[in-house]
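Biologist: Please take one part of this model and describe it closely for me. I should like to learn how its residues are placed and what they meet.

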Amino acid sequence: MSGFLDRAKEQAKQGLAQGRQKVDELQQQRAGNDLLRKLGAAYYAERRGSGTPEATQSALSALEAHISAHGDGFLHD
């Protein structure tokens, strides 16, 4: 009986770890999508005359930093 409980406990720990990893991946993807939207908005504002090149560059730099840290998987979904 003890062996069964130990295996069940270990499987539960593995399931929690996998769940945490998936949540982290989704949060990173959501953050990347948000940065991509901000870049698009900054570029659009710049093209319409109400934005600045600095704002567009800042948004691009933030997106590039996110990609460097977390990869570009969110761009391919």
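Modeller: A residue is called buried under 20% relative accessible area, exposed over 50% and partly exposed in between, with a 1.4 Å probe and protein chains only. This is a predicted model, in which local features need pLDDT of at least 70 and side-chain atom pairs pLDDT 80 or more, while totals for chains, interfaces and linings use all residues. Residues are numbered from 1 along each chain as its sequence is written, and side-chain values use heavy atoms, with hydrogens and water left out.

The part I have chosen is helix 1, which covers residues 2-48; helices are DSSP runs of H or I with at least four residues, numbered from the N terminus. Helix 1 contains 47 residues, and the distance from its first C-alpha to its last is 69 Å, close to the 69 Å expected at 1.5 Å a residue. That expected span is 1.5 Å times one less than the number of residues. After helix 1 comes Gly49, which has a positive phi near 95°.

Leu5 belongs to helix 1 and is partly exposed, because its relative accessible area is 48%. The buried residues of helix 1, by contrast, are Gly32, Leu35, Leu39 and Ala42. Their cover includes helix 2, residues 53-70.

His66 of helix 2 shows how the two helices meet. With a relative accessibility of 9%, His66 is classed as buried. Apart from neighbours within four places in sequence, His66 is in contact with Gln28, Ala31, Gly32, Leu35, Gly71 and Phe74, where contact means heavy atoms within 4.5 Å. Two of these partners, Gly32 and Leu35, are among the buried residues of helix 1. The His66 side chain also comes to 3.1 Å from the backbone oxygen of Gln28.

Asn33 is also a residue of helix 1. Asn33 is partly exposed because its relative accessibility is 27%. Between Asn33 and Glu54 there are 21 places in sequence, and their C-alpha atoms lie 20 Å apart.

Helix 1 also carries a group of charged residues. Side chains of opposite charge can pair when their charged atoms come close. A salt bridge is counted when a side-chain nitrogen of Lys or Arg is within 4 Å of a carboxyl oxygen of Asp or Glu, and the whole structure has two of them. In one, Arg37 pairs with Asp34, with 3.9 Å between the closest N and O atoms. Arg37 and Asp34 are about one helical turn apart, because three residues separate their places in helix 1. In another, Asp34 pairs with Lys38, where the closest N and O atoms are 3.4 Å apart. Asp34 and Lys38 are four residues apart in helix 1, so about one helical turn lies between them as well. These bridges share partners and thereby join Asp34, Arg37 and Lys38 into one network. An α-helix has 3.6 residues a turn, so residues three or four places apart point the same way.

The members of this network vary in accessibility. Arg37 is exposed at 55% relative accessibility, whereas Asp34 is partly exposed at 29%. Lys38 is likewise partly exposed, with a relative accessible area of 48%.

Technical notes: A polar contact is a pair of N or O atoms within 3.5 Å; within protein, one must be able to donate a hydrogen and the other to accept it, and residues adjacent in sequence count only if both atoms are side-chain atoms.
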